[in-house]
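Here are a few short exercises to work through with the model open beside you. Try each task before you read its solution.

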Amino acid sequence: MKRLALTLLAAVALPGIAHAQATDTATADVGVSGTVARLCMLGTPTPAPVDVGQMANTSGARVGKIAVIAPRTVTLPGSFCNFAGSAITVTATALVSNDASAVEPGFAKAVNYTAEVTNWAAGTASVTTAATAGGGSPTASATGPTQPAPKVADLNVTLSNFTAPSDFLLTAGAYSGLVVVKLGPVASGGE
């Protein structure tokens, strides 16, 4: 019985010995991949909204006509694109009277201005509105130069050069306008 137990033990141990003596190794490569989408992000406008205040002179030689309005700057902090070949497009809509009635001769219901976005590429994205006295054609748009590399920056949007069409008298009431800043890839000829 002892002899049979030793024989079984030896038979059971042999496969383990053969495995323990293996010296060849095998390798396997497991590829790992991923993607990063092209992203652009504009920071929250600070300050916003912009109130330019009283736009007409209330005394002096130019009473009723557009007053000198100081430039206003809005910052879009931490704006970025994570790819090369991006640009800023700025679209501005003149300040137009919320009163939809027809404008009387010698009066204007619009205030034009320049909107300029800086600190993105080597140059600015700048546009000047050219609304008519009655508020027609209030919107203008322009695209700035191409940024050749990924970038993160605080963008500055400056509103300046406020004028009334033909330097007419401004009609009373509330006026509103809009500046839209778009950050993204440069449009190709086919888009």
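The exercises cover a disulfide, a charge over a ring, a pocket and a cavity.

This is a predicted model, in which local features need pLDDT of at least 70, side-chain atom pairs count only at pLDDT 80 or more, and totals for chains, interfaces and linings use all residues. Residues are numbered from 1 along each chain as its sequence is written, and side-chain values use heavy atoms, with hydrogens and water left out.

**Exercise 1. Find the disulfide (a pair of cysteine sulfur atoms within 2.5 Å) and work out its handedness.**

Step 1: The structure holds one disulfide, and its partners are Cys 40 and Cys 81, with an S to S distance of 1.8 Å.
Step 2: Place the partners on the chain: Cys 40 is in strand 1 (residues 40-41) and Cys 81 in strand 2, so the pair, 41 residues apart, links distant parts of the chain. Strands here are DSSP runs (E, at least two residues), numbered from the N terminus.
Step 3: Because the torsion about the S-S bond is about 110°, the disulfide is right-handed.
Step 4: Compare burial, where buried means under 20% relative accessible area, exposed over 50% and partly exposed in between (1.4 Å probe, protein chains only). Cys 40, at 26%, is partly exposed, whereas Cys 81, at 2%, is buried.

**Exercise 2. Which ring does the charged end of Arg 38 sit over?**

Step 1: Apply the criterion: NZ of Lys or CZ of Arg within 6 Å of the ring centre and within 35 degrees of the ring normal.
Step 2: The ring is that of Phe 83, with the charged end 4.3 Å from its centre.

**Exercise 3. Describe the largest pocket and its lining.**

Step 1: On a 1 Å grid over the protein atoms alone, a pocket is an open set of points with protein on both sides within 12 Å along at least five of seven lines, a cavity is a set where a 1.4 Å probe fits but cannot get out, and lining residues have an atom within 4 Å of a point.
Step 2: The volume, meaning the space filled by probe spheres set on points joined across faces, edges and corners, is about 480 Å³ for the largest pocket.
Step 3: Of its 21 lining residues, Val 50, Leu 159, Gly 177, Leu 178 and Val 179 lie nearest the centre.
Step 4: Strand 10 gives the largest share of this lining, six residues.

**Exercise 4. How many cavities of 30 Å³ or more does the structure hold?**

Step 1: The structure holds one.
Step 2: The largest cavity has a volume of about 50 Å³, and its lining includes Ile 88, Trp 120 and Pro 145.

How values were computed. Helices (H or I, at least four residues) and strands (E, at least two) are DSSP runs, numbered from the N terminus.
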